[in-house]
Protein chains: 2
Amino acid sequence: VLPRFYAPEADPAAASVRLPDDEAAHLTRVLRLTAGARVRVFDGRGHEWLASVIDATRAAVRVELLETAVAAPESRVTLALALAWLKGDKMDDVVRDAVMLGVTRIVPLLTKYTEARPAAAASRGRRAERWHRVAVASAKQCGRAVVPRVEEPVRFVDYLDGATGALRVMFVEPSAGVGAAVDVQTLPRADAVEVCTGPEGGWSPDETAAAARAGCTLVTLRAGTLRADAVPLVALTAVRALWDDL
Amino acid sequence: VLPRFYAPEADPAAASVRLPDDEAAHLTRVLRLTAGARVRVFDGRGHEWLASVIDATRAAVRVELLETAVAAPESRVTLALALAWLKGDKMDDVVRDAVMLGVTRIVPLLTKYTEARPAAAASRGRRAERWHRVAVASAKQCGRAVVPRVEEPVRFVDYLDGATGALRVMFVEPSAGVGAAVDVQTLPRADAVEVCTGPEGGWSPDETAAAARAGCTLVTLRAGTLRADAVPLVALTAVRALWDDL
């Protein structure tokens, strides 16, 4: 199995592509590869190539694209995850797992009971950059040639306003007593779905009501109360399994 | 919502029950409850009661069982997880998640490529005790009155020898090139299922062959390569979702 590198600037029309600094460091310092080594590169938008290292110096790594290669298959359903921003390093784990489970877009949500609430926009930007790196690392590991976009955190109400046409499925606690919530098994199939999951403290009643008004389908899991950071993985798995896509 | 405590010695025929030391410490030192407080207790075998604290001293906590109460519903399918022993704290996370997803039995497996390989039986015993505590904590959190049994680690070949009559489903990597593996969606329904998941280094060819000979159903996930510690959660979720039990 050839090592894989993320080369967002890869262009089959160009003679070669330079790897980003992180990737170059991985190639030279961790894997100790040199000119002539065979590798795979992917552009994060679904394209993958067999490639050969041309130059591997401290300053830069350039590779030549030799031929197209087949990456891990993408989900047949366009999957997005909109999740309440979780505390500490939990977001890193969820981003990594969501990439493995095939999402193409991740939207961190600021909700009423979100416990992680960064004060400054600067801090948010650093977080988004970090999550992007986690997404790249996960795509490298799981064989996908698509690096999902991790968006800037948005308020849940603003997320609801920005409808995309996808089926929006909001996972709510059984104990929330939301009358309109259905079993996940009853979800209609869709070509595109956005899975919405709440924070450690749960959704507020206002939020579930607003989501229902905005056309979200509310779902409860009969399996009971799950940790907030386990719900995204369970929700994405359930949707893919039920839609014959796992 | 009343706080819940694990009282394995609870007996409706007795006037009161003493809580284990861990639980007593949680009641007195963390929650600072005193005599007269209303709580819930469960025996780990599916029974739950409304109860009242009789005595709460440093030495012991006793509660009186007042009436039976309804715990979170158990899975309709009897679920077990047999998983290759994972490195570091990953087992704790998997035990916690598996309890939330409704397993009644967890079997740590020693496999050919298991990286965590404790030398001494004493260390194994401490681990099993630790996992039991994790299982209790998870049951308390998710509302189950059943505390799954975490068994002593066994060699995979010995696990295969000890057939239980349950459908055994072994999750294998797509890249393992195991000819006989099917999609998870094709699994026949069963009343009892044991989900088997491999270590970081994957199953050995001998192990998949032995499992197939022993009657295990081999399954691959089209979603691609997942982290070893994510597979149990994904596998249990997929089975419950597909069998209309999530």
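**View 1. Strands 3 and 4 of chain B pair antiparallel in this predicted model.** Strand 3 covers residues 38-42 and strand 4 covers residues 48-56. Five bridges join the two strands. One residue pair can be picked out by name: Arg38(B) has Ser52(B), in strand 4, as its bridge partner.

**View 2. Strands 3 and 4 belong to an open sheet of five strands in chain B.** The strand order is 1-3-4-5-2. Pairing within the sheet is mixed. Which strands form the edges? They are strand 1 (4-6) and strand 2 (17-18) of chain B, and each of them pairs on one side only.

**View 3. Chain B meets chain A through an interface that buries about 2600 Å² between them.** Carbon and sulfur atoms carry 57% of that area. Three residues stand out on the chain B side: Arg222(B), Arg227(B) and Leu246(B). Together they supply 28% of the area that chain B buries against chain A, more than any other three residues. In terms of contacts, 28 residues of chain B touch 28 residues of chain A.

**View 4. A salt bridge links Arg227(A) to Asp97(B) across the interface.** The closest N and O atoms of this pair lie 2.1 Å apart. How many salt bridges does the rule find between chain B and chain A? There are four. Polar contacts between the two chains number eight residue pairs, with both residues at pLDDT 80 or more.

**View 5. Three helices of chain B each supply at least two residues of the side that touches chain A.** They are helix 2 (90-100), helix 3 (121-142) and helix 6 (231-242). Helix 6 of chain B gives the largest share, seven residues. By residue class, this side of chain B divides into 15 nonpolar, five polar and eight charged residues.

**View 6. A turn of 180 degrees lays chain B on chain A.** The shift along the axis is 0.0 Å, and the RMSD is 0.0 Å. Why is this a two-fold arrangement? Because a turn of 180 degrees with a shift of 0.0 Å is the relation of a two-fold axis. The contact surfaces follow suit: 100% of the interface residues of chain B are also interface residues in chain A, so the copies meet through the same surface.

Notes. Residues are numbered from 1 along each chain as its sequence is written. Chains are lettered from A and ligands numbered from 1 in the order in which they are written. This is a predicted model: local features need pLDDT of at least 70, side-chain atom pairs count only at pLDDT 80 or more; totals for chains, interfaces and linings use all residues. Side-chain values use heavy atoms; hydrogens and water are left out. Contact means heavy atoms within 4.5 Å. Buried area is the accessible area (1.4 Å probe) that two parts lose on being put together, summed over both. A salt bridge is a side-chain nitrogen of Lys or Arg within 4 Å of a carboxyl oxygen of Asp or Glu. A polar contact is a pair of N or O atoms within 3.5 Å; within protein, one must be able to donate a hydrogen and the other to accept it, and residues adjacent in sequence count only if both atoms are side-chain atoms. Helices (H or I, at least four residues) and strands (E, at least two) are DSSP runs, numbered from the N terminus. Ala, Val, Leu, Ile, Met, Phe, Trp, Tyr, Cys and Pro count as nonpolar, Asp, Glu, Lys and Arg as charged, and the others, Gly among them, as polar. Copies are superposed by least squares on the C-alpha atoms of residues with pLDDT of at least 70 in both. Two strands pair if DSSP finds at least two bridges between them.
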